[in-house]
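Good morning, colleagues. I should like to take a few minutes to go through one structure with you, beginning with a detail and moving outward from there.

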Amino acid sequence: EEKAVELGTVLAVGNTAYKEFGTAADSEGIRVGSKVSFTKYAGKEVKGDNDELLLILNDEDIIAIIKD
């Protein structure tokens with residue numbers, strides 16, 4: 001089954017990211033500035049500064065880290 005995938009850039013990482021998996025977010029390669037892919041309808045949309053639309057994702061919503 002093919003799913004719609006979106007790409008984005010990580011603006012912040014919470015201190016509990018990947019806690020339930022027993023690893024630190026940093027060890028998974030998730031950092032501010034990381035490029036990630038996620039399913040189209042994942043997360044919660046919120047308005048940031050200047051009415052910029054932001055998306056809050058749980059760690060399990062991230063499908064892949066895009067390496068340059």
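Please look at lysine 35: the residue standing opposite it is isoleucine 66, in β5. I should say at once that we are looking at a predicted model. Lysine 35 lies in strand β2, which covers residues 35-39. Between β2 and β5 there are 4 bridges, and the pairing is antiparallel.

Now to the other neighbour of β2. Strands β1 and β2 also run antiparallel, and 5 bridges join them. One position to find on the screen is valine 5, whose bridge partner in β2 is threonine 39.

Taken together, these pairings give an open sheet of 3 strands in the order β1-β2-β5. Which strands form the edges? They are β1, residues 5-9, and β5, residues 62-66, each of which pairs on one side only. From one strand to the next, the twist averages 30°.

Let me place this sheet within the chain as a whole. The protein chain contains 1 helix and 5 strands. Reading from the N terminus, the elements follow the pattern β-α-β-β-β-β.

I turn next to the interior. In soluble globular proteins, nonpolar side chains tend to be buried together. Here, the largest nonpolar core consists of 5 residues: Val10, Ile30, Val36, Phe38 and Ile62.

One member of that core deserves a separate word, namely isoleucine 62. What does isoleucine 62 touch, once neighbours within four places in sequence are left aside? The contacts are Ile30, Val36, Ser37 and Leu57. Of these, Ile30 and Val36 are themselves listed in the core.

Finally, some totals for the protein chain. There are 68 residues, and 21% of them count as buried, that is, under 20% relative accessible area. The accessible surface comes to about 5500 Å², with 48% of that surface belonging to carbon and sulfur atoms. As for contacts with a separation of 6 or more, residues 24 or more positions apart account for 55% of them.

To return to where we began: lysine 35 in β2 faces isoleucine 66 in β5, within a sheet ordered β1-β2-β5. Thank you for your attention.

Conventions: Residues numbered from 1 in each chain as written. Predicted model: local features only at pLDDT ≥ 70, side-chain atom pairs only at ≥ 80, totals over all residues. Heavy atoms only, no water. Helix = DSSP H or I, 4+ residues; strand = E, 2+ residues; numbered from the N terminus. Buried < 20%, exposed > 50% of the residue type's maximum accessible area, 1.4 Å probe, protein only. Contact = heavy atoms within 4.5 Å. Areas by Shrake-Rupley, 256 points an atom, 1.4 Å probe, with all protein chains shown as cover. Pairing = 2+ DSSP bridges. Axes fitted to C-alpha atoms, helices over the stretch in contact; angles between N-to-C directions. Core = buried A, V, L, I, M, F, W, Y, C linked by side-chain atoms within 4.5 Å.
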